[in-house]
Amino acid sequence: MLRLRQLLGERLGMAFDEKKDGLLGEILQQRATQHGLTDRGYLDRLTTAWSAELAALAEALTVNETYFFRNVEQFRALADVALPARMRANQERRRLDMLSVGCSTGEEAYSLAVVAAGRVPEAWATSIVGLDVNRGALRKAMAGRYSLWSLRETPETVRQKWFRPAGDGVEIDARLRGRVRFVEHNVARDDAVLFAPGQYDIVFCRNLLMYLTPDTAHTVVERITRSLAPGGFLFLGHTDSLGLRPPGLAVHHSHGTFYYEREERARSAPEPAPAVRARPREQAMALLGQERFGDALEVLDAVTGAEADRPETWLMRGCLLAALGDTGRAADLCRRMLERDALFADAHQLLGDCHEGDERHEEAQREHRLAAQLDPGFAIPRLRLGLLARRFGDRRTAEQELDQAVHLLRSETEERIALFGGGFGRGALIALCRAELAAVS
């Protein structure tokens, strides 16, 4: 279970300890069986851009128990403190933007809409976005239908105004549903649009951080803080504490709850020393290493002139798109690169990765072979060919390719490992090959 726990941390940002190994083992067996794979073969596939299965796995692992106006004291602070403050700040633009991170089945996002409807004038534009990695939960959120048990903390006046009978339960009034939209999002990945700087007046991120690895939780808080407008408010779950002086945030306490306000300027922020600005591609590579794929794409989008047209820039863009699960656009970019240079081994490798993510295995093997033939020193295609051969029972080929991958990985470039290693470093990739060789033997 160690390898599955590591993959869940790297791919979804989720933290699991040994106590959950029984549950993880059951889910692993179910998912592997559904795809006709061994447990090891399934884990191999998770190292690729297998976005559809990653979403299904997230759905099997996440908990969706919630209800309307959960921890009602925070909604009272929202109504009495946060919304009035943001309305004063936005008097000229007459717009409020709110975000629910880890929105589950949508009760929190709709609760935000109810509070805003009671406090914000109708002439204002109000936008609420709910984010979650669980597709099943999001389908329920978008349907807007709930059991009566979900309304157990909802005041009767709110029930009468904003809910309509539907079968054995209720459905959200259409006026509220029009103010809320739901987006599938993996918090282990950045998104330059969803988390644009200074975008939100209010962010709720409750009962999520406790399920994340420490690094992911830290990054999520940084990302949310960046996305808050100066003076914007952040509400966390009661089990989530950022301490008394979190960077860029002031702590408030009222209505029996703690919450945070984005400061106008960071406290005691030293003036940055003059420095030589890194080239955009170097900036993007650094962001890729931090798995901030959306930010890295944004950096590349700003590249102009000859630099934007370089094959290396196109390749990095394709790798970032694939890392974000957009294998279609990444594959199209590969084909354009190969139209220019049919001998570009890295483009063949990336196209093979895209085919793997789309479960087009024969085409993936063909592209990996071309990459290996065009550049005999390229380790990653040997690794992918070895894993695919083992998956499909070709033990002899698997042994040959994995043995060659171990040899080549020792001298593989850091850039290629960053682009094609799936988030694993050189040592981890070598260890993976050796473990697979031992299993084959």
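Me: What makes the three strands S3, S5 and S4 an open sheet, and in which sense do they pair?
Reply: In this predicted model, the strands follow the order S3-S5-S4 with antiparallel pairing. Strand S3 (145–146) and S4 are the edges and have a single partner strand each, so one side of each is left without a neighbour in the sheet.

Me: How do you know that strand S4 (residues 163–166) and strand S5 (residues 169–172) pair?
Reply: Pairing requires at least two bridges between the strands. S4 and S5 are joined by four bridges and run antiparallel, so the pair meets the requirement of at least two bridges. Among the facing residues, Arg164 is opposite Glu171 in S5, and Pro165 is opposite Val170 in S5.

Me: What do S4 and S5 form, and which residue in the turn has a positive phi?
Reply: S4 and S5 form a hairpin with two residues between them. The residue in the turn is Gly167, with a positive phi of about 60 degrees.

Me: Why are strand S6 (180–184) and strand S9 (249–254) called edge strands?
Reply: Seven strands make up an open sheet of mixed pairing, in the order S6-S2-S1-S7-S8-S10-S9. S6 and S9 each pair on one side only, as edge strands. From one strand to the next in this sheet, the twist averages 20 degrees.

Me: How do you know that strand S1 (residues 95–101) and strand S2 (residues 125–132) pair, and in which sense?
Reply: The cut-off is at least two bridges. S1 and S2 have seven bridges, in the parallel sense, and therefore count as paired. One of the bridge partners is Thr126 in S2, which goes with Leu96.

Me: Which strands does helix H6 (residues 107–119) lie across, and which does helix H7 (residues 135–143) touch?
Reply: H6 lies across S1, S2, S6 and strand S7 (200–205), at about 155 degrees to S1. H7 packs on the sheet and touches S2 and S6, its direction making about 165 degrees with that of S6.

Me: What makes the space lined by Gly41, Asp44, Arg45, Glu356, Arg384, Leu387, Leu388 and Arg391 a cavity?
Reply: A cavity is a set of points where a 1.4 Å probe fits but cannot get out, whereas a pocket is an open set. The count is one cavity of 30 Å³ or more, and about 30 Å³ of space lies in the largest cavity. Helix H3 (39–46) and helix H18 (379–391) are the elements that give two or more residues to its lining. H18 supplies the largest share, four residues. The lining divides into two nonpolar, one polar and five charged residues.

Me: Where does pLDDT stay under 50, and how many contacts beyond four places in sequence does the model have there?
Reply: The stretch is residues 266–277, with five such contacts. Where pLDDT is low, the predicted coordinates should not be read in detail. For the protein chain the mean pLDDT is 88, and 96% of its residues reach 70 or more.

How values were computed: Residues are numbered from 1 along each chain as its sequence is written. This is a predicted model: local features need pLDDT of at least 70, side-chain atom pairs count only at pLDDT 80 or more; totals for chains, interfaces and linings use all residues. Side-chain values use heavy atoms; hydrogens and water are left out. pLDDT is the predictor's confidence in each residue, from 0 to 100. Contact means heavy atoms within 4.5 Å. On a 1 Å grid over the protein atoms alone, a cavity is a set of points where a 1.4 Å probe fits but cannot get out, and a pocket is an open set with protein on both sides within 12 Å along at least five of seven lines; lining residues have an atom within 4 Å of a point. Grid points are joined across faces, edges and corners, and a volume is the space filled by probe spheres set on the points. Ala, Val, Leu, Ile, Met, Phe, Trp, Tyr, Cys and Pro count as nonpolar, Asp, Glu, Lys and Arg as charged, and the others, Gly among them, as polar. Axes are lines fitted to C-alpha atoms, for helices over the stretch in contact, and angles run from 0 to 180 degrees between N-to-C directions.
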